Amino acid sequence: MILKIDFNSDEAFYLQLCNQIILGIAMETLNEGDALPSVRTLADQIGINMHTVNKAYSMLRQEGFVKLDRRKGAVISLDIDKMQAIQEMREDLSVVLARGICRDVSREEAHQLVDEIYDLFSKGSGRSSE
């Protein structure tokens, strides 16, 4: 997986990294047990500060997507409580849906978009789409 930073984005670099890694897990380009590049290596490859990469890895660890191993470094490890994940999704989706409602996005359009995105992530994977 190639991680890239949009240097023109208003989104913080560490959040861009976190989001790309989470998307990689969802799309199964990153799998349980895969080692991520070392903090120094990834910082050099992308051209950002090591502290930024470290912050992203720490955030991913706190959210249960990565474990930090002294020998292997950051490793994909999905240790997520489903109820906690649903609550986090509820909080995130509340804001996204409110924005859509303010812009006249219908319930049907929102459902269709969610279905399309879910299908994109579950296609070809062993994950159930229901």
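The lining of the largest pocket leans on nonpolar residues: 24 of them, against seven polar and nine charged. Keep in mind that this is a predicted model. The pocket holds about 2,000 Å³ of space, and 40 residues line it. If you want to find its centre, look for Met 89, Leu 93, Ile 117, Tyr 118 and Phe 121, the lining residues that lie nearest to it. Three elements give two or more residues each to that lining, namely α1 (13–26), α4 and α5 (107–122). Of the elements, α4 supplies the largest share, with 12 residues.

So let's look at α4. This helix covers residues 82–102, and Met 89 sits in it. Count 21 residues along α4 and you'll go 30 Å from the first C-alpha to the last, close to the 30 Å expected at 1.5 Å a residue. Just past the end of the helix, Asp 104 takes a positive phi of about 65 degrees.

Met 89 and Leu 93 turn up again on the surface. Together with Val 96, Leu 97 and Ile 101, they form a nonpolar patch there, with about 480 Å² of accessible area between the five. Met 89 and Leu 93 are also among the residues nearest the pocket's centre.

Now step back to the whole protein chain. There are five helices and two strands in it, and reading along the sequence gives you α-α-α-β-β-α-α. As for overall dimensions, the C-alpha atoms fill a box of roughly 50 × 35 × 25 Å along the principal axes.

Terms used. Residues numbered from 1 in each chain as written. Predicted model: local features only at pLDDT ≥ 70, side-chain atom pairs only at ≥ 80, totals over all residues. Heavy atoms only, no water. Patch = residues over 30% accessible without salt bridge, like charges linked within 9 Å, V, L, I, M, F, W, Y side chains within 5 Å. Areas by Shrake-Rupley, 256 points an atom, 1.4 Å probe, with all protein chains shown as cover. Salt bridge = Lys/Arg side-chain N within 4 Å of Asp/Glu carboxyl O. Helix = DSSP H or I, 4+ residues; strand = E, 2+ residues; numbered from the N terminus. Expected span 1.5 Å × (residues − 1). 1 Å grid on protein atoms, 1.4 Å probe; cavity = no way out; pocket = protein on both sides within 12 Å on 5 of 7 lines; lining within 4 Å. Points joined across faces, edges and corners; volume = space filled by probe spheres on them. Nonpolar A, V, L, I, M, F, W, Y, C, P; charged D, E, K, R; others polar.
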